[in-house]
Every structure is written in C-alpha cells, then in structure tokens.
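Dear colleague,

I am passing on the structure below, together with some notes on what I found in it. Please look through the model first and then read on.

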Amino acid sequence: MKVLVSDPIAPQGVEILKNAGFEVTEQSGLSPEELTKIIPGYDAIIVRSATKVTKEVIEAGQNLKVIGRAGIGLDNVDQEAAKNKNIKVVNTPTATSISVAELALGMMFAAARRIPQASVSTRASKWEKKKFKGFELYGKKLGIIGLGRIGTELAKRAKAINMSVQAFDPYVKTSEYAQVVDLDTLLKESDYISLHIPRTKETEHILNKESFSKMKDNVVIINCARGGVVDENALYEAISSGKVRIACVDVFETEPAKENKLFELDQVIATPHIGAQTKEGQARAGTQVAELVRDALKG
Ligand SMILES: NC(=O)c1ccc[n+]([C@@H]2O[C@H](COP(=O)([O-])OP(=O)(O)OC[C@H]3O[C@@H](n4cnc5c(N)ncnc54)[C@H](O)[C@@H]3O)[C@@H](O)[C@H]2O)c1
C-alpha cells in the first residue's frame, strides 16, 4: 500500500510507516491540481496544515482510505467529502498540548518582565534598568478561557508557580486545577487572561470592545489559540488606552501576518503561530499520525 506524506512530518513517523511495509512518498509543496493528479495512486495521505485536502482531491482519490493530519485543526480537510466516500480522517489532538501551554506560560513571563522589549533596548546599548521594573507572576490571578487540553496544562503549570487560577468554559463544570467561573467574573478579576478555545461562531471576538471595558486596568492578554477569537481592533484600542498593559499574540486574524496594526505597538509581543512548533510536539504528532494511519490501513 502507498502513503503520500505531503507536508513534512518527523522522521520517526515516516519510519513507522516504512516498517509497517508501506511504500512512502514524501513530497511537499504540491498545488491542489498536482495533488488531484497524483492522489489516485495512494491509499493514504498525511498532511499538516499546508496541504489542502479539498473535495476535488478526495473525489479523485479512488484508492484513498485514510487522511491523517499531524496536528489538531481539520480546517484544511474537507471532512464532509471524506465522510461521503467513507474515508477515515485521523488527527493528533493531544500531541502538542504541552508545547502550546508552555508557550502561553512563556508569554506570561515575557510580559511580566518585558523580556523581548528589554532585550531590544539592551542590545541597542541603552541600559534602561529603571524602565524595565517588572512584576512577579506569584500570587497573580490567571483567567483561562477554554479549559480543554491546553487550558488544563496551562492551569497546572500556573498553579505550580503559585498563581491563582480561574477558568471559563461553558462545557466544564469543575476542575482540579482551576476555579470555574462565569465569563464576566473572569474578565473583571483576572490579571492575566489566556485564551485556549477553538474559533467557532460562538467564540469569534469573544474578547471585544465590551469585554475589554470590563477588565482590570493593566491586564495582560495572551492569545495562543486562534486569530479571530480576539477582536484585533478592540485590542489595539485597549492597548493604546492603557487598559491592556501587554498583549502576547501567537495567532492573527489574517495569517501569515506580515503586516498588522498591532505591530505598531511596543506593548505587543508577537510570534508567528509557533505554539505547536517544538521538536517534541512535532515528533509526537508525526509518530501518532503514522501509528493511526498504519492501524487504519491494516484494519
Ligand atoms: N498556537 C498554536 O500553534 C496552536 C496549536 C494547537 C492548538 N491551538 C489552539 O488551541 C485551541 C485549544 O486546543 P485544545 O487542544 O485545548 O482544545 P480542546 O478541545 O481540548 O479545548 C477547547 C476548550 O474550549 C472550550 N470551549 C468551547 N467553546 C467555548 C466558549 N464559547 N467559551 C469558553 N470555552 C469554550 C471547550 O469546552 C474545550 O474545553 C485549539 O482550538 C486551537 O485553536 C493553537
């Protein structure tokens, strides 16, 4: 049986497929047209986020039995088309939870001490010691919006450094790691607010002009979830007015975010959607997706 790996995955994953006796082709950067042309020769395809497994690709895949996504989001796979053709879609939702939680925690440290800004200043020979008086995270209140896999990993870590942790999640009633509260309470009481929700109709702009007005002054916002869950215009205003002290943003409404109004502001710590980008997380995602595809092909 033949497996097409059309976005790079960890070599351990490719090994698993080869050891299972499959013929593996690693070819990335294929356009949808090119993919449609070659897909009839494959029994399975493994993607990350770049390859678009469209309806056309799925319909052309006459031998296709499994679509594997190394990672969580399935926005690049037409799941309806796969279902109609009885093609199994598998993904690795837990592989990178710790990586994302660690980035969010790292963002909180970076914000409390303004590490990125202090580094830029020091390397410009300014030695601005007084300007960079920061804050401790110890004893501060963290509000987590979305207490799923990543939110829970962050809650555990925040508790370990003696932060007080509360969370809002309409689908979670209690937690060992956080006090579950309503959204208004979280907005009013938190010193740090970190989002860990999917982007859905319900969560779009969950942080908007009105929510910022309810927050404490000098609040820190961390978005390592999805662009669009925070209204970027409202965030820009909230930073400019001084309501938000620092915003840490890994995900943007439009990506790749080469230009964004938020970049004008020194109070913004920005990263290029790297939440899941760790060696360990990607190794786990590659291994898990390969195992899932192998097991699905072998029935
Ligand atoms: N920055 C990155 O590179 C990166 C990497 C992986 C995941 N993510 C994002 O992180 C998000 C969370 O991932 P996860 O694995 O923890 O997902 P998860 O499904 O385990 O958790 C999401 C949680 O959000 C909750 N939720 C749903 N609607 C809500 C609402 N309206 N208000 C509050 N909570 C709500 C759910 O009940 C669930 O508990 C993903 O959806 C993805 O968008 C980002």
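How far is an oxygen atom of the ligand from a polar backbone atom of Ala-225? The distance in this model, which is a predicted one, is 3.4 Å.

The ligand has further contacts of this kind. An oxygen atom of the ligand lies 2.8 Å from a polar atom in the backbone of Arg-149, and for Asp-169 it is the side chain that takes part, with one of its N or O atoms 2.6 Å from a ligand oxygen. Taken on its own, the ligand has 870 Å² of accessible area, and the protein covers 87% of this. There are 25 residues around the ligand, of which Arg-149, Ile-150, Asp-169, Arg-226 and Asp-250 come nearest. Sorted by class, that shell is made up of 14 nonpolar, 6 polar and 5 charged residues.

As to the overall layout, the domain assignment divides the chain into domain 1, which is given as 2–93 + 279–297, and domain 2, which is given as 97–270. Their centres, taken over C-alpha atoms, are 33 Å apart, and the contact involves 4 residues from domain 1 and 4 residues from domain 2.

The area that the two domains bury between them is about 350 Å², with 38% of it on carbon and sulfur atoms. On the side of domain 1, Ile-72, Pro-93 and Arg-284 together supply 69% of the area buried against domain 2, which is more than any other three residues supply.

Which polar links are found between domain 1 and domain 2? The count is 0 residue pairs in polar contact, where both residues must be at pLDDT 80 or more, and the number of salt bridges across this interface is likewise 0. The side of domain 1 that touches domain 2 consists, by class, of 1 nonpolar, 2 polar and 1 charged residues.

With best regards

How values were computed:
Residues numbered from 1 in each chain as written. Predicted model: local features only at pLDDT ≥ 70, side-chain atom pairs only at ≥ 80, totals over all residues. Heavy atoms only, no water. Domains from an automatic or database assignment. Contact = heavy atoms within 4.5 Å. Buried area = accessible area lost by both parts, 1.4 Å probe. Salt bridge = Lys/Arg side-chain N within 4 Å of Asp/Glu carboxyl O. Polar contact = N/O pair within 3.5 Å; in protein donor to acceptor, adjacent residues only side chain to side chain. Nonpolar A, V, L, I, M, F, W, Y, C, P; charged D, E, K, R; others polar. Near = heavy atom within 4 Å. Areas by Shrake-Rupley, 256 points an atom, 1.4 Å probe, with all protein chains shown as cover.
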